Amino acid sequence: MKKLILICLSLLLSGCVEKEIIDDINIEVGVGYDLAEDEKDTYRGTVLFQEFQPDQSVINRTFSGNGKLRQDIRLDVSKQTSEPVVTGGLKLAVFGPEVSRRGIIDLIDSFQRDASMGARVFVATAEGKSEDLLSGEYGTRGNATYISNLIQHNIEHRDIPITNLHIFSRDYYQDGKDPFLPRLKQSGNDKVKIVGISLFHKDKEVAILPVKDLFYFKLLVDKYSEGNFDVKLKKEAYAAVKSISSKNIVRVTNNHATISINLEGIIREYTGDTLTRQIVGEVEKSLEKKIEKECLRLLQQFQDLGIDPVGLGHKKKSQNRNFDFKKWDNEYKLLGFDVKCNVEIEETGVIE
């Protein structure tokens with residue numbers, strides 16, 4: 001009897017689901033948004049699809065359409081395709097520079113309202129039109145996979161702080177913290193590279209952090225589980241510090257913020273004669289001074305821009321029960337900073 005009931009329920013439930021054969025639909029894997037050139041308050045959206053061939057190769061196809069809303073763009077694109085368009089496989093959303101400076105929360109909000117879209121979609125800005133960036137030919141696994149893997153491995157192994165659709169939305173709606181996104185640039189027709197971090201005030205891009213500052217930025221806003229940094233010493237010697245791990249502690253009082261950074265690493269390469277304990281100590285001190293100087297510079301730069309990507313306002317709220325955000329803007333302008341760094345490095349790497 002129980003088996004009969006289960007069979008009947010499975011038949012009823014399966015009859016309620018609309019079947020979609022993967023070969024008969026177009027699955028969005030990437031989208032890009034620019035401002036339409038000839039239409040006021042209108043977006044030009046580019047949708048990226050991938051066709052998998054019998055030999056396991058991938059063909060990238062892009063379609064573009066105009067609209068004031070994301071749904072208008074999808075409707076325009078649907079008129080150009082022979083199969084229905086679905087969003088369940090989206091990996092990447094890219095915003096052109098005009099859209100980023102104008103504000104992106106309306107489009108971000110539409111992503112969040114789409115139940116078929118995952119929160120871990122990577123979001124980025126483009127240096128140049130997003131349509132051009134998505135229309136290249138990158139790698140052998142498709143453009144969306146190439147770009148999303150590019151961002152992912154730079155988060156895990158390099159200097160990009162963790163970021164995705166969910167994190168951007170959290171930072172936007174959270175008082176006392178401003179969001180940021182990786183910035184991409186097309187390098188020829190077959191490559192994309194990360195050229196910095198877009199810094200936002202609310203949902204509007206206000207500045208670009210260059211690549212040279214990303215190491216220090218990640219120390220302030222995230223933690224390293226793996227990374228590397230080169231240190232210049234006296235007599236033109238260089239030491240490459242690899243396998244960096246770090247964490248930071250932020251404390252905010254009424255008029256002062258103290259950021260303590262602890263960093264551990266291994267010297268994998270050294271261009272001098274002999275790597276002595278004295279030289280290791282020099283590397284530690286040199287790296288500490290450099291980190292403290294550059295992080296302090298970034299904090300003062302953010303203060304001048306009136307943005308708070310480190311989340312000092314949020315930290316202060318969590319440490320003070322009667323915190324008043326109405327007073328925070330003025331308090332932030334006068335806030336003093338102190339960065340303290342402690343570096344611990346083993347003398348050698350895997351060989352000792």
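Before anything on helix pairs, a note to self: axes are lines fitted to C-alpha atoms, for helices over the stretch in contact, and angles run from 0 to 180 degrees between N-to-C directions. I'm working from a predicted model.

**Entry 1: H8 against H9**

I began with helix H8 (residues 214-221) and H9, whose axes come within 9 Å and cross at roughly 80°. Anything from 65 to 115 degrees counts as roughly perpendicular, so H8 is roughly perpendicular to H9. Next I wanted the residues that meet. From H8 I noted Phe-215, Tyr-216, Phe-217, Leu-219 and Leu-220. Their counterparts in H9 are Lys-290, Ile-291, Glu-294, Cys-295, Leu-298, Leu-299 and Phe-302.

**Entry 2: charges on H9**

Lys-290 and Glu-294 turned up in that list, so I looked at their charges. They form a salt bridge, with the closest N and O atoms 3.6 Å apart. Both sit in helix H9 (residues 277-305), four residues apart, which is about one turn of the helix. Are the two buried or exposed? Lys-290 is partly exposed at 37% relative accessibility, while Glu-294 is buried at 10%. I then followed the charges outward and found a network of salt bridges linking Lys-212, Asp-213, Lys-290, Glu-294 and Arg-297.

**Entry 3: other salt bridges**

How many salt bridges does a search of the whole structure find? It finds 23. I picked out Arg-70 and Asp-114, whose side chains meet at 3.3 Å, N to O. This pair links distant parts of the chain, 44 residues apart. Arg-70 is in helix H2 (residues 70-78), and Asp-114 is in the loop between helix H4 (105-112) and strand S7 (122-126). I checked burial too: Arg-70 is buried and so is Asp-114.

Then I went to Asp-171, which forms a salt bridge with Arg-170 at 3.1 Å between the closest N and O atoms. Asp-171 is buried, with a relative accessible area of 2%. Arg-170, at 41%, counts as partly exposed.

**Entry 4: Asp-159**

Where is Asp-159? I found it in the loop between helix H6 (143-157) and helix H7 (165-173). Its relative accessibility is 11%, and under 20% counts as buried, so Asp-159 is buried. Its side chain makes a polar contact of 2.5 Å with the side chain of Tyr-224. Leaving aside neighbours within four places in sequence, I listed the contacts of Asp-159 as Asn-154, Leu-214, Phe-215, Lys-218 and Tyr-224.

**Entry 5: Glu-28**

Another acidic residue in a loop: Glu-28 lies between strand S1 (26-27) and strand S2 (30-35). Glu-28 is buried, with a relative accessible area of 2%. What is it in contact with, leaving aside neighbours within four places in sequence? I noted Val-47, Leu-48, Phe-49, Arg-74, Val-85, Val-86, Thr-87, Gly-89 and Leu-90.

**Entry 6: S6 and its partners**

I walked along strand S6 (residues 92-95) next. Leu-92 and Val-94 point one way, Ala-93 and Phe-95 the other, and all are buried. S6 pairs with S2 in the parallel sense over four bridges, and Val-31 stands opposite Ala-93. S6 is also joined to S7 by four bridges, again running parallel. There, the bridge partner of Ala-93 is Val-123.

**Entry 7: the four-stranded sheet**

Last stop was an open sheet of four strands, in the order S11-S12-S13-S14 and with mixed pairing. Which strands stand at the edges? They are S11 (228-232) and S14 (336-346). Each has a single partner strand, so one side of each is left without a neighbour in the sheet. I also noted that neighbouring strands here are turned by 40° against each other on average, direction ignored.

Inside the sheet, strand S12 (residues 238-252) and strand S13 (residues 256-270) run antiparallel and are joined by 12 bridges. Ile-249 stands opposite Ser-260 in S13.

Then I looked at which helices lie across the strands. H9 lies across S11, S12, S13 and S14, running at about 155° to S14. Helix H10 (residues 312-319) lies across S12, S13 and S14, at about 50° to S12. That brought me back to H9, the helix whose axis comes within 9 Å of that of H8.

Methods
Residues are numbered from 1 along each chain as its sequence is written. This is a predicted model: local features need pLDDT of at least 70, side-chain atom pairs count only at pLDDT 80 or more; totals for chains, interfaces and linings use all residues. Side-chain values use heavy atoms; hydrogens and water are left out. A salt bridge is a side-chain nitrogen of Lys or Arg within 4 Å of a carboxyl oxygen of Asp or Glu. Helices (H or I, at least four residues) and strands (E, at least two) are DSSP runs, numbered from the N terminus. Buried means under 20% relative accessible area, exposed over 50%, partly exposed in between (1.4 Å probe, protein chains only). A polar contact is a pair of N or O atoms within 3.5 Å; within protein, one must be able to donate a hydrogen and the other to accept it, and residues adjacent in sequence count only if both atoms are side-chain atoms. Contact means heavy atoms within 4.5 Å. Two strands pair if DSSP finds at least two bridges between them. Angles under 35 degrees count as roughly parallel, over 145 as roughly antiparallel, 65 to 115 as roughly perpendicular and the rest as oblique.
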